[in-house]
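Grab a pencil and work through these short exercises. Each one comes with a solution to check yourself against.

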Amino acid sequence: MNARYLAGRLGQAAIVLAAVAVVTFVLGRILPGDLAAAVLGPTATPEQTAAFNHRIGADHSAIEQFLDWLTAALTGDLGTSPLNGQSVSAALRDRAEPSLLLMLLAEALALAIAVPAALWAAYRRGRPADRIANGASSFLLAAPQFAIAVLLVYVFAVRLGWAPATGYTPLAQGAGETLRSLMLPAVTLALGLAAVYFRVLRNGVIETLRQDYILAARAQGLTPREILLRHALRPALLPLVTLVGLNFGVLIGGAVVIEQLFAIPGLGTYALGAVRAKDFVVLQSVVLLIAALYVLVNLAVEVLYGLLDPRIRHAR
Amino acid sequence: MPVDTLVPTAEATHRDKVTTRRARPGAATAAASVVLGTIVLAALLAPVLPLENPEHTDVSALSAGFGAEHPLGTDALGRDTLARIVYGARVSLTVGLGATAIGAVVGTLLGMIAGLSTGWAQAIVMRLADVLLAFPALVLALAVIGAVGPSATSVTLVVGVLFVPGFVRVVQAPVLSLAQREFVLACRAMGMSATRLMLREILPNITGLVVTYAVTMFGLGVMIEGGLGFLGMSVPPPAPTWGGMISEGRQVLAEHPVVTLTPTAVLVLVVLCANVLGDRLTAVFDSRGAML
């Protein structure tokens with residue numbers, strides 16, 4: 001992983017993001033519906049419409065609009081939503097808290113479930129415990145998130161009343177309440193992720209356990225626990241790093257359905273609201289932010305991968 | 001206890017054997033094929049099957065449980081759940097199959113081009129795939145579907161486009177290594193055209209891979225259609241979609257959970273069967289690959 005390689009990857013990431021920006025911009029413009037009509041209502045006079053379009057810059061050419069937006073965005077100013085006059089940058093900051101917390105919580109829970117389960121299942125390969133865990137992961141892989149969410153709401157919110165069915169309590173009002181409000185959505189996301197992580201890690205550990213050095217470790221009289229944790233886990237963790245990174249990116253903006261279902265005011269609901277209101281100023285900013293986080297996280301994963309696995313570093 | 005459960009009948013012992021036997025891949029694969037086949041057949045034959053009109057409301061049976069008149073019960077508006085599931089399957093399967101076909105054909109073609117050509121063609125295809133992958137897929141889908149209006153066609157097209165980069169990635173890597181093999185070099189040396197080389201020499205070698213991936217993507221397509229239907233962004237109501245049924249059922253979740261749980265179970269079952277078949281195909285093609 002030398003500096004030149006890294007610079008190349010950074011350049012590629014910049015090109016991808018530029019393309020995302022262009023596509024989002026075009027997409028925002030071809031969405032049917034007139035923003036001015038939506039904001040001003042049917043009684044607006046042509047003068048009012050013209051004034052509104054002038055204020056949001058819609059009377060410039062598309063290329064001018066794009067360049068204006070891009071130069072402002074690069075300096076951190078994402079403009080204001082023409083619908084409610086809210087600053088997009090401020091809204092994104094508010095919306096990022098629940099989304100990021102939900103993502104971190106879901107990843108942590110998923111790993112807490114998947115890593116021990118995968119080690120145990122790989123160690124007891126083919127035994128009942130392994131087959132039960134495999135069956136559970138197949139089932140979870142086939143269950144859409146919203147279906148899991150509905151089941152969890154039914155059991156834990158409607159029947160048991162352990163957690164609220166919807167809503168989000170901001171961190172400012174106490175971490176305990178925040179955690180409680182994020183419990184069901186986080187578990188929903190974590191179960192799906194855990195199923196994927198379990199599969200990859202179990203196969204990785206089984207592969208590692210076949211290696212000669214594991215045989216050597218056993219011959220030296222190491223306990224299964226030491227072999228699993230010290231010798232088998234580390235090499236098998238590598239593919240998982242990629243996957244966890246990928247999912248970080250996917251979860252940032254991909255939890256739209258779950259955020260919507262649990263009424264969490266995150267980036268996903270923000271994007272969905274912008275789509276529904278045809279508010280392209282908000283839409284292009286939120287999509288670009290999500291895409292940028294995705295690209296950066298994946299770049300970071302690639303760098304991390306090189307640090308964790310010396311073989312890759314030398315190969316390049 | 002009724003006598004017939006104490007004395008095992010021939011049928012019961014047979015069933016016991018099937019369920020207690022160590023789950024071999026064969027049994028699971030057969031079961032998955034039967035389930036998927038039944039649902040596909042039911043969806044195809046829906047107009048001629050003795051089903052109720054899926055949009056007919058029976059006010060005398062609101063949120064009814066399982067029974068003789070409505071085998072799988074009714075929803076909160078008294079609409080027959082079985083009929084809605086079968087008609088909903090038409091939407092789910094159309095989207096699942098259609099989107100997978102679009103993704104497989106376009107993705108495989110682009111993947112082969114990216115794998116065989118070097119330089120700019122490869123760079124363009126792979127960067128395009130990166131761009132599409134970096135997009136928040138669901139937001140993109142919702143924006144486009146919102147723009148053109150939700151229908152089976154628009155949902156299929158959008159999901160199909162979202163499937164393309166995955167197929168490109170799956171195809172490109174093996175084609176890249178196939179391109180170095182002697183038989184490809186020989187074909188090129190003999191002056192075979194690029195099109196013929198792709199279709200006659202490369203394609204047969206990656207078909208297994210594509211089919212395996214396609215089966216899994218079919219399940220994902222059904223799942224995504226469910227998610228869009230859940231958000232009200234698939235075929236609009238009152239036409240039945242599985243996701244829409246699950247979403248509508250939530251209003252009576254506390255009193256009548258079955259209204260939501262039945263379509264949920266069917267959706268999970270279909271995706272599960274697709275995954276089982278996908279896993280089986282992976283195993284088949286893996287062992288074949290190992291022999292090479």
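A residue counts as buried if 20 or more other C-beta atoms lie within 10 Å of its own. Keep in mind that this is a predicted model.

**Exercise 1.** Work out how far H4(B) is enclosed by the rest of the structure.

*Solution.* Start with the helix itself: H4 of chain B covers residues 81–116, 36 residues in total. Now apply the burial cut-off: 28 of those 36 residues are buried, so H4(B) is largely enclosed by the rest of the structure. For the whole of chain B, buried residues make up 45% of the 292 residues.

**Exercise 2.** Check the length of H4(B) against the span expected at 1.5 Å a residue.

*Solution.* The expected span uses one less than the number of residues. For the 36 residues of H4(B) that gives 52 Å. The end C-alpha atoms are 50 Å apart, which agrees.

**Exercise 3.** Decide whether Val161(B) is buried, partly exposed or exposed.

*Solution.* First place the residue: Val161(B) sits in helix H7 of chain B, residues 152–178. Then count: Val161(B) has 19 C-beta neighbours inside 10 Å, so it is partly exposed, since buried takes 20 or more. Its C-alpha atom is 9.0 Å from that of Gly107(B), 54 residues away along the chain.

**Exercise 4.** Describe the side of chain A that touches chain B.

*Solution.* Begin with the head count: chain A puts 35 residues into the contact and chain B 31. Next, find the main contributor on chain A: H1(A) gives the largest share, seven residues. Finally, sort the chain A side by type: 30 nonpolar, four polar and one charged.

How values were computed. Residues are numbered from 1 along each chain as its sequence is written. Chains are lettered from A and ligands numbered from 1 in the order in which they are written. This is a predicted model: local features need pLDDT of at least 70, side-chain atom pairs count only at pLDDT 80 or more; totals for chains, interfaces and linings use all residues. Helices (H or I, at least four residues) and strands (E, at least two) are DSSP runs, numbered from the N terminus. Two residues are in contact if their C-beta atoms, placed from the backbone, lie within 7 Å. Ala, Val, Leu, Ile, Met, Phe, Trp, Tyr, Cys and Pro count as nonpolar, Asp, Glu, Lys and Arg as charged, and the others, Gly among them, as polar. A residue is buried if 20 or more other C-beta atoms lie within 10 Å of its own, exposed if 12 or fewer, and partly exposed in between; C-beta atoms are placed from the backbone.
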